[in-house]
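Reader: I have the sequence and the model open side by side, and I would like to go through the fold with someone who can explain each step. Where shall we begin?

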Amino acid sequence: MPERKRVAVLADSDTRWKWGASTARRLVPDHQLTGYLLRGRATPTARQLGEVGVRADRLAEVTCAEFLAEIERERYDVVVLALVGGAVQAVLHGARALWPAPARRPVLVTGYVGVVYEKLADGLLLRHGADLVLANSRHDAERFRAVYEGVGADSGAVTETALPFLGGAPYEPAGSRAHTVVFAVQPSVPDNRADRAYLLERAARHARKHPDREVLIKLRSKPGEHTTHLEEQPYQRLAERVPGGLPANCRLVYGNMSEVLDGTDLLVTVSSTAALESLHRSIPTAVLTDLGIREALGNHHFLGSGCLASWDQLDSGLLPEGDPVWLAAHGVRPAGAPGPAGPAGPAGEAAVGTAADADAYAVARAKVAGLLAAARLPSPAPHYTLTTAPGYLPGILARHRLAPDGTPLPGAARQEAGESRLRRRLRAHLREAARGAYRHGVQRVAPVIRRLGEL
């Protein structure tokens, strides 16, 4: 029996952990997974990890330098970097310092958690140098290659796949159960109190207009917790200020998005990746236009999707349907489409994959298998070097306690070890202080307390 491959995933938030661990399962179905959480602002809590629903055989919190020491010592077969661009770049340069010449090293994989609607060039160039840069759709793959080729960088690492957590049963109309509308909120879109309060009030108004429906406000985090993006105006606080309060058939909910979608008849969002999960299951999906169609909101990504709609239209009974051509170009195939069966999750976990996902990952799996079969792999070669970006790269590496050549700065390991213990204690106290501030209505103070925990 062949030995199970050893895979490590380094993630810096709950959503990126979900993407990284699910991607590992797609690329190497039979593997032993070790999870690493990059210590920082958005390091997820145990509750957040449990809500994501993807487990690891082992899980540890590390700094960049500690992670580099781990992958040198542990000899993983595949390393998935589920991080912001700057952190990916730091690990790639750290790996280049570890393996400056062709060597037996892990296959390095990275990509994006969901919809890519901002910082396309910046984010992509910071990810250049990985063996595979995964694109979640044909549309993204074409854009990624164009960016790399536009600066004269090798685009061979770009590999078309699909979001690894698309799955779940095809949508079935409510029937005898209550028609359920889910408003999937985002931590930073929109980013101001007035717009967020407006959207919440419209969801409450929809519930009042349709008393036979259930309207669920799907939240990402609890006060004091962090996600990939900062949430300065949490809906929990805004809900307390809705005139007349939320109606009985409108409530705030948490939970795994896939499980929430199991009972959803209409998914409403501004630009959340949840829209793609919903469309994959053929659930009517609305991308809101109430605040305009703007790059800052990310809903411009859905131009041509057939899903753009306003609360007024939804109030009047509109149930948008995704455009098949747009869906195919953006890596979404409605559940139930023909194709080979995808790999199921371990016992006790929901399967995260369907026919579309299994087919979409065939090329990526073949690439990984080919790299694993090689006796030696060349040293990672990021586009950004001290020659191409001498005023940009050193600062990125320094933020992760790495020298310009990718090696840990002198004393970084000892300093980080001491700081990490203090940071953990401070973070625990500050999270509790932030929760207390929210409970007592000190809304302006709570974000300040949270930001202190990021220092």
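Author: Let us begin with a definition: axes are lines fitted to C-alpha atoms, for helices over the stretch in contact, and angles run from 0 to 180 degrees between N-to-C directions. Please keep in mind throughout that this is a predicted model.

Reader: Across which strands does helix α6 lie, and at about what angle does α6 run to β7?

Author: Helix α6 spans residues 138–150 and lies across β6 and β7. Since angles are taken between N-to-C directions on a scale from 0 to 180 degrees, the value for α6 against β7 can be read on that scale, and it is about 170 degrees.

Reader: What is the order of the strands in the open sheet of seven strands?

Author: The pairing in this open sheet is parallel, and the twist averages 25 degrees from one strand to the next. Strands β3 (58–62) and β7 (158–160) each pair on one side only, which makes them the edge strands. Read from edge to edge, the order is β3-β2-β1-β4-β5-β6-β7.

Reader: Which residue in β6 stands opposite Val109?

Author: Strand β5 covers residues 107–111 and strand β6 covers residues 132–135, and the two pair in the parallel sense over three bridges. Val109 falls within the β5 range, and the residue that stands opposite Val109 in β6 is Leu132.

Reader: Is Arg75, just after α3, buried or exposed?

Author: Helix α3 (residues 64–74) has several buried residues, including Phe67, Leu68 and Ile71. Arg75 follows in the loop between α3 and β4 (78–82), where its phi is near 55 degrees, a positive value in a residue other than glycine. Because its relative accessible area is 60% and the cut-off for exposed is over 50%, Arg75 counts as exposed.

Reader: Ser282 also has a positive phi; how is the accessibility of Ser282 classed?

Author: Ser282 sits in the loop between α10 (274–280) and β12, and its phi is near 65 degrees. Its relative accessibility is 37%, and values between the 20% and 50% cut-offs form the middle class, so Ser282 counts as partly exposed.

Reader: Which residues of strand β11 point the other way from Leu266 and Val268?

Author: In a regular strand the side chains alternate between the two faces of the sheet. Strand β11 (residues 266–269) has Leu266 and Val268 pointing one way, and all four of its residues are buried. Those pointing the other way are Leu267 and Thr269.

Reader: Which residue is the bridge partner of Val268, and which residue in β12 stands opposite Leu267?

Author: Strand β8 (residues 179–184) pairs with β11 in the parallel sense over four bridges, and the bridge partner of Val268 is Phe183. Strand β12 (residues 285–288) and β11 also pair in the parallel sense, over three bridges, and the residue in β12 opposite Leu267 is Thr285.

Reader: Which two residues does the cis peptide bond join, with omega about -10 degrees?

Author: The second residue of this bond lies in the loop between β8 and α7. With omega at about -10 degrees, the bond is cis, and the residues joined are Val189 and Pro190.

Reader: What is the volume of the largest cavity?

Author: The structure holds three cavities of 30 Å³ or more. The lining of the largest cavity includes Asp140, His301 and His330, and its residues divide into five nonpolar, six polar and one charged. The volume of this largest cavity is about 90 Å³.

Technical notes. Residues numbered from 1 in each chain as written. Predicted model: local features only at pLDDT ≥ 70, side-chain atom pairs only at ≥ 80, totals over all residues. Heavy atoms only, no water. Pairing = 2+ DSSP bridges. Contact = heavy atoms within 4.5 Å. Buried < 20%, exposed > 50% of the residue type's maximum accessible area, 1.4 Å probe, protein only. 1 Å grid on protein atoms, 1.4 Å probe; cavity = no way out; pocket = protein on both sides within 12 Å on 5 of 7 lines; lining within 4 Å. Points joined across faces, edges and corners; volume = space filled by probe spheres on them. Nonpolar A, V, L, I, M, F, W, Y, C, P; charged D, E, K, R; others polar.
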